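Biologist: Could you walk me through this model? I would like to hear the reasoning behind each label.

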Amino acid sequence: MNRISKLRTLSIALVTTLGLTSGTAHATQPLEEFIEKAKSQSFDAREVAATLKQRESEADAALGRILPALSARGVYTRNQYPVSANFGGNTLTITPEDQLDAFFQLDVPIVDLGGYYRHRAARAGVRATSEQREATTVEVSRAVSRVYYQLVGAYGLLSAAEKSVGTAESNLRDVETRKSAGAATELDRERVRANVERAKQDVADAKLLVALASRNLETLSGVAPTPADRFPSDDLAPEPPLETWLARAGETPAERAAKESALVATEQKKAATSALLPTLTGSAQERVTNATGFSGKSASYTLQLILAWRLDYAAVANNDAQIAARELANIREE
């Protein structure tokens, strides 16, 4: 095991000791400051927040597809040969030279099971992402706490290494004094000088650990840590048994997110199956035109009920894919 590995092992040991303390680590800024900043500044937190906004917009879009839709359209047509007719002294414009048409249409989905289940899947996706956001917050807080105490441990190693250098140099001066008096040999002095250089190497390795931990903590939280000067102490109080912590844990955000993701897959499978069924849509259209035709009315409406059914291989294959996706989501939930 090389020297840096030994120092890293010692750092882990110090982190374990510091992490069990009941007090606050008086090292650099308070831990709570890093955790609070990391909730909004860490890359994982920002990513899941953006994903949540995307899922909410997708859910609104899915809802919009099953709500009534209003459209308006204007058409200008230049006809080469205008057509008109005279009936009982009234001139009816069948086809004017400059034809203007305005269409106002309202479409109302009446039966669209596929759209309904797609909306349910989108809402479940919002809930799953929301739970994932909580899980990410927990993971980020855990990562920040781990790196924070690694930094505290690294500063503790650095402090101990610097003291070791002072002790080794003091021992070197003592050996040199003894050698000048003939009480020590040249080998004794060289051995002590080697201890001094080894202690200086420990200082350099400890500084490297400090730099790495500081950089990791700043990357996670966006806050640059200040040097640590004081360190917490463990009160050595006995910890409660594992069962106590398991009983308090309950259902974690990650588990709730997995359940919602499984529900998303279930609703998407229903939507894929419903795509094989017909849809029923109501439509109302108002037309305003100067081509009145034989009715002589410039405005008229039409009402329609549209029953549509489409069956193709893509819908069947998509249904099979959603069945497999649901099985995968159930496995992940387990």
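Modeller: Happily; here are the labels with the reasoning behind them, and please keep in mind that this is a predicted model.

Biologist: What makes the protein chain more spread out than a compact globule?

Modeller: The chain holds 8 helices and 6 strands. Its radius of gyration is 38 Å, while the globule rule gives 20 Å for 334 residues; the value is well over the rule, so we call the chain more spread out than a compact globule. The C-alpha trace spans about 145 × 50 × 35 Å along its principal axes.

Biologist: Why is helix α6 called hardly covered?

Modeller: Buried means under 20% relative accessible area. Among the 8 residues of α6 (242–249), the count of buried residues is 0, hence the wording. In the protein chain, buried residues make up 29% of the 334. Just after α6 comes Gly250, with a positive phi near 65 degrees.

Biologist: How do you know which helix supplies the largest share of the lining of the largest pocket?

Modeller: We look at where the lining residues come from. The lining has 16 residues, and α4 contributes 5, the largest share. Helices α3, α7 and α8, like α4, each supply at least two. Nearest the centre of this pocket, which holds about 290 Å³ of space, lie Arg118, Ala121, Ala122, Val264 and Gln268.

Biologist: What makes 4 residues of that lining count as charged?

Modeller: Asp, Glu, Lys and Arg count as charged, and the lining has 4 such residues, together with 7 nonpolar and 5 polar ones.

Notes: Residues numbered from 1 in each chain as written. Predicted model: local features only at pLDDT ≥ 70, side-chain atom pairs only at ≥ 80, totals over all residues. Heavy atoms only, no water. Buried < 20%, exposed > 50% of the residue type's maximum accessible area, 1.4 Å probe, protein only. Helix = DSSP H or I, 4+ residues; strand = E, 2+ residues; numbered from the N terminus. 1 Å grid on protein atoms, 1.4 Å probe; cavity = no way out; pocket = protein on both sides within 12 Å on 5 of 7 lines; lining within 4 Å. Points joined across faces, edges and corners; volume = space filled by probe spheres on them. Rg over C-alpha atoms; globule rule 2.2 N^0.38 Å.
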